[in-house]
Amino acid sequence: MLEQSNSSDAYSPCPSKGVRRESCDDAIRFGRFSAIPHSRQLLLDGRPQDIGGRAFDLLMVLLKSNGRIVSKDEILNEVWPSMVVEECNLRFQVKSLRRALGSQGDMIKTIVRRGYMLIRDDVLQEGNAPLHATSSTTFPEIDMPVAVRTATPHIVLIEDDESVRRSISTLLRSVGLSVTSFESVKEYQDSGHSPQPDCLILDVCLPGRSGLDFQADLLRTGIRYPIIFISGHADIQMSVRAMKAGAVEFLTKPVRHQDLLSAVDVAINA
């Protein structure tokens, strides 16, 4: 079931002066925000924000988790009880929630193959080390189960810009993924292709063989790795060509961490 968004799902915020004091007594505060379950409102510095009903339900599930990772199945059961919906509905509501949180939307983290978590300043990890919503997207303290570690998805990154290569590799490793990076397609081919990637992240403009040409080479040999393209010089023709050939996503630089993690999550579960 693919859920359609409509006006009845949105909650029109009341003016700040219309927020009754008693309705704020059960408010859950995180950063500059307050979520009020009674009136189903999201406030930023006391001002109501536009948020859809499902997105608010998702927010409440994440807030009540107190900083732990919430699995996709758990979220689906809580937000869509007694309903069978497609996972794309969840991804849509995650995007809607991040949009409602505005510049603080990156406090909602995608943990590849595991689910989502909301990082709150007032929730401490083991050892009382605070997690800051405004910090970089790293999760060195997340306790990964042995079963997850032994089946770690492997990502191959081909990017000629060393700083971008280092940044993306660090991001992916921080959420428990295995990463091998290369400067060019030739360097990757000379490596012997071991281990086989669960996902390829390709820059479009590479020295020698371009990312788009390499995608075409793979298709001609019958190899269909999930591919995510990144580019600082993209145009519509490039993106159309890539997507028609089966790319999972086409992202423009500078790439937002959450956009890339979401795309990787889709790719390795494709």
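The protein chain contains nine helices and 13 strands, where helices (H or I, at least four residues) and strands (E, at least two) are DSSP runs numbered from the N terminus. The model is a predicted one, in which local features need pLDDT of at least 70 and side-chain atom pairs count only at pLDDT 80 or more, while totals for chains, interfaces and linings use all residues. Residues are numbered from 1 along each chain as its sequence is written, and side-chain values use heavy atoms, with hydrogens and water left out. Of the 270 residues of the chain, 46% count as buried, a term that denotes under 20% relative accessible area, with exposed meaning over 50% and partly exposed in between (1.4 Å probe, protein chains only).

Helix α1, residues 53–64, spans 17 Å from its first C-alpha to its last, close to the 16 Å expected at 1.5 Å a residue, the expected span being 1.5 Å times one less than the number of residues. Because ten of its twelve residues are buried, α1 is largely enclosed by the rest of the structure; the buried residues include Phe56, Met60 and Val61.

The largest nonpolar core, a set of buried Ala, Val, Leu, Ile, Met, Phe, Trp, Tyr and Cys residues joined through side-chain atoms within 4.5 Å, has 30 residues, of which Phe30, Leu59, Leu62, Ile75 and Leu97 touch the most other members. At least two residues of this core come from each of β2 (28–30), β3 (33–36), β4 (41–44), α1, α2 (72–79), α3 (87–101) and β8 (115–118), and α1 gives the most, with eight residues. Another core, of 20 residues, lies apart from it and has Val175, Leu177, Ile201 and Leu261 among its members.

The axes of α1 and α3, taken as lines fitted to C-alpha atoms over the stretch in contact, with angles running from 0 to 180 degrees between N-to-C directions, come within 9 Å and cross at roughly 85°. The two helices are therefore roughly perpendicular, the class assigned to angles of 65 to 115 degrees. Their contact (heavy atoms within 4.5 Å) is made by Arg54, Ala55, Leu58, Leu59 and Leu62 of α1 and by Leu90, Gln93, Val94, Ser96 and Leu97 of α3.

Most residues other than glycine have a negative phi, and most peptide bonds are trans. Asn66, just after α1, takes a positive phi of about 55° and is found in the loop between α1 and α2. Arg40, in the loop between β3 and β4, likewise has a positive phi of about 55° although it is not a glycine, and at 25% relative accessibility Arg40 counts as partly exposed. The peptide bond from Lys253 to Pro254 is cis, with omega near -5°, and Pro254 is found in the loop between β13 (249–252) and α9 (257–268).

Note on methods
Angles under 35 degrees count as roughly parallel, over 145 as roughly antiparallel, 65 to 115 as roughly perpendicular and the rest as oblique.
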